[in-house]
Amino acid sequence: MTRPNWFVALPVRAAELPTDLLDSLPAGIRRFRPEDLHVTVAFLGPVTETTALEAWAVGDWSREPPLITHTGARAGFGNPRRPSAYGLDLGDGDDPVAAFLRRWRDPLLAAAGRPPETRAVRPHLTLGRPPRRPGEAIHARARDWIAVEQPPVPLHLDRIALYTRAPQRGGRRFTRVRESALGSG
């Protein structure tokens with residue numbers, strides 16, 4: 001049996017997003033449930049629960065202020081020709097969320113015994129994923145979806161959580177194992 005993947009992320013309030021945004025994803029893209037929306041800070045991968053909890057403990061989250069950003073353009077994430085996820089870029093690359101990710105990503109990875117991330121920080125909100133073998137038609141519809149201009153919407157991120165995959169299929173995709181308010185100290 002494989003170990004579940006773990007990650008630390010900032011939960012997003014779906015109520016702050018346009019009500020039709022998730023419904024606008026093209027047919028064939030598996031939509032995230034509103035309660036699963038998040039901005040990943042560090043993907044820890046298939047570590048043990050003990051290791052994930054040790055990584056979580058490196059942050060004094062109550063000392064970190066709440067973050068404000070805004071949604072950006074619609075985008076595909078992963079391989080540019082065959083994205084593995086679709087959603088929204090966030091901020092302008094130099095906003096508080098990007099700074100937060102740069103500050104915490106590698107310390108969290110190091111605490112989990114993972115190598116540092118070599119890719120640049122790209123704050124984003126994943127809204128859905130294509131199936132494993134999506135076919136060109138799904139990617140073509142997704143390219144059309146990306147081409148639609150998305151007006152910016154402010155997002156308030158005031159919580160951080162340790163996540164893993166939810167045990168049951170068909171409902172929520174992720175389970176919050178630990179959660180803390182930012183700026184509560």
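This is a short tour of a predicted model, going from its open sheet to one buried residue and then to a set of salt bridges.

**The sheet**

Start by selecting strands β2, β6, β5, β4 and β7, which form an open sheet in that order. The pairing among these 5 strands is antiparallel. Color the two edge strands separately: β2 covers residues 30–31 and β7 covers residues 154–157, and each pairs on one side only.

Next, keep β7 and add strand β4, residues 67–77. The two run antiparallel to each other and are joined over 4 bridges. For a single point of reference along this pairing, pick Thr69; its bridge partner in β7 is Leu155.

Now show helix α2, residues 96–111. The helix packs on the sheet and touches both β4 and β7. Looking along β4, note that the direction of α2 makes about 80° with that of the strand.

**Ala42**

Move to strand β3, residues 38–45, and select Ala42 within it. Is Ala42 buried or exposed? Its relative accessible area is 1%, so Ala42 is buried, the limit for that class being under 20%.

What surrounds Ala42, once its neighbours within four places in sequence are set aside? Display Phe7, Val8, Arg105, Leu108 and Leu109, with which Ala42 is in contact. Then draw a C-alpha to C-alpha distance from Ala42 to Arg102: the two are 9.9 Å apart in space and 60 residues apart in sequence.

**Salt bridges**

The model holds 12 salt bridges. Three of them can be visited in turn, beginning with Arg13.

- Select Arg13 and Glu16. They form a salt bridge in which the closest N and O atoms are 3.2 Å apart. Arg13 is partly exposed, at 36% relative accessible area. Add Asp158 to the selection to see a network of salt bridges that links Arg13, Glu16 and Asp158.
- Select Glu117 and Arg119. In this salt bridge the closest N and O atoms lie 2.9 Å apart. Glu117 counts as partly exposed, with 25% relative accessibility, while Arg119 is exposed, with a relative accessible area of 59%.
- Select Arg176 and Glu179. Their side chains meet in a salt bridge with an N to O distance of 3.1 Å. Arg176 is partly exposed at 30% relative accessibility, and Glu179 is also partly exposed, with a relative accessible area of 33%.

Methods: Residues numbered from 1 in each chain as written. Predicted model: local features only at pLDDT ≥ 70, side-chain atom pairs only at ≥ 80, totals over all residues. Heavy atoms only, no water. Salt bridge = Lys/Arg side-chain N within 4 Å of Asp/Glu carboxyl O. Buried < 20%, exposed > 50% of the residue type's maximum accessible area, 1.4 Å probe, protein only. Contact = heavy atoms within 4.5 Å. Pairing = 2+ DSSP bridges. Axes fitted to C-alpha atoms, helices over the stretch in contact; angles between N-to-C directions.
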